[in-house]
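Reader: I'm new to this one and would like a close look at a single part of it. Could you take me through the salt bridges, and then show me how they sit in the rest of the chain?

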Amino acid sequence: MAEKILVVDDDLETLRLVKLMLERLEYTVFTASEGPSGLHIVTTEHPDLVLLDVMMPEMDGYEVARQIRGNPMTAHTPILMFTAKSQIEDKV
């Protein structure tokens with residue numbers, strides 16, 4: 001069975017491109033364009049990895065990550081965060 005990856009980003013073009021690239025590598029890909037939808041998918045689909053944008057409206061990536069870590073069912077799900085911010089402090 002293919003490993004499952006959830007991509008959460010408010011930019012629909014980024015979602016489309018990342019999904020296409022990962023599916024070509026034979027991953028099962030779920031997408032969400034906002035934090036609450038991403039949290040729902042994490043709890044229902046149990047992805048092997050979450051790719052999470054930092055800057056999103058309503059609920060940013062930091063809050064999504066906090067909630068994933070705060071839920072015992074999802075606390076150990078790997079999260080890879082990405083951002084368009086360019087300052088070193090933001091990346092760290």
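Author: Here is a walk through the salt bridges, followed by the sheet and two aspartates.

Keep in mind that this is a predicted model, so everything below is computed from predicted coordinates.

Let's start with the pairs themselves. Side chains of opposite charge can pair when their charged atoms come close. The cut-off used here is a Lys or Arg side-chain nitrogen within 4 Å of a carboxyl oxygen of Asp or Glu, and by that rule the count comes to three salt bridges.

Take E13 and R16. Their closest N and O atoms are 2.7 Å apart, which makes them a salt bridge. Where do E13 and R16 lie with respect to each other? They are three residues apart in helix α1, which covers residues 12-24, so about one helical turn separates them. As for how open they are, E13 is partly exposed, at a relative accessible area of 41%. R16 is partly exposed too, with 46%.

Stay on helix α1 for the next pair. The side chains of E23 and K19 meet in a salt bridge, with 3.3 Å from N to O. E23 and K19 are four residues apart in this helix, again about one turn. E23 has a relative accessible area of 37%, so it goes down as partly exposed. K19 is partly exposed as well, at 29% relative accessibility.

For the remaining pair, move along to helix α3, residues 61-70. R66 forms a salt bridge with E63, and their closest N and O atoms are 2.9 Å apart. The two are three residues apart in the helix, which means that about one helical turn lies between them. Is each partner buried or exposed? R66 is exposed, with a relative accessible area of 53%, while E63 is partly exposed at 29%. The line between those two words is drawn at 50%, so R66 falls on the exposed side of it.

Now step back to the chain that carries these helices. It has four helices and four strands, and reading along the sequence you meet them in the pattern β-α-β-α-β-α-β-α. Of its 92 residues, 34% count as buried. The accessible surface comes to about 5800 Å², and carbon and sulfur atoms hold 56% of that. If you look at contacts with a sequence separation of 6 or more, 62% of them are between residues 24 or more positions apart.

The strands come together in a sheet. Strands of a sheet pair through backbone hydrogen bonds, either parallel or antiparallel. Here, four strands form an open sheet in the order β2-β1-β3-β4, and the pairing is parallel. The edges are β2 (28-32) and β4 (79-82), each of which pairs on one side only. On average, neighbouring strands are turned by 20° against each other, direction ignored. Between β1 (residues 4-8) and β2, which run parallel, there are five bridges. If you want a spot to find by eye, look for V7, which stands opposite T31 in β2.

This brings us back to α3, the helix with the R66 and E63 pair. Helix α3 packs on the sheet, where it touches β3 and β4, and its direction makes about 175° with that of β4.

Strand β3 (residues 49-53) is also where you'll find D53. Is D53 buried or exposed? Its relative accessible area is 7%, so D53 counts as buried. The D53 side chain reaches the backbone nitrogen of M55 at 3.5 Å. Setting aside neighbours within four places in sequence, D53 is in contact with V8, D9, D10, G61, F82 and T83.

Another aspartate, D48, sits in the loop between α2 (35-45) and β3. D48 has a relative accessibility of 40%, so it is partly exposed. Which residues does D48 contact, leaving aside its neighbours within four places in sequence? They are E3, K4 and P78. The C-alpha atoms of D48 and L6 are 8.1 Å apart, although 42 residues separate the two along the chain.

Key
Residues are numbered from 1 along each chain as its sequence is written. This is a predicted model: local features need pLDDT of at least 70, side-chain atom pairs count only at pLDDT 80 or more; totals for chains, interfaces and linings use all residues. Side-chain values use heavy atoms; hydrogens and water are left out. Buried means under 20% relative accessible area, exposed over 50%, partly exposed in between (1.4 Å probe, protein chains only). Contact means heavy atoms within 4.5 Å. Accessible areas come from the Shrake-Rupley method with a 1.4 Å probe; for residues, only the protein chains shown count as cover. A polar contact is a pair of N or O atoms within 3.5 Å; within protein, one must be able to donate a hydrogen and the other to accept it, and residues adjacent in sequence count only if both atoms are side-chain atoms. Two strands pair if DSSP finds at least two bridges between them. Axes are lines fitted to C-alpha atoms, for helices over the stretch in contact, and angles run from 0 to 180 degrees between N-to-C directions.
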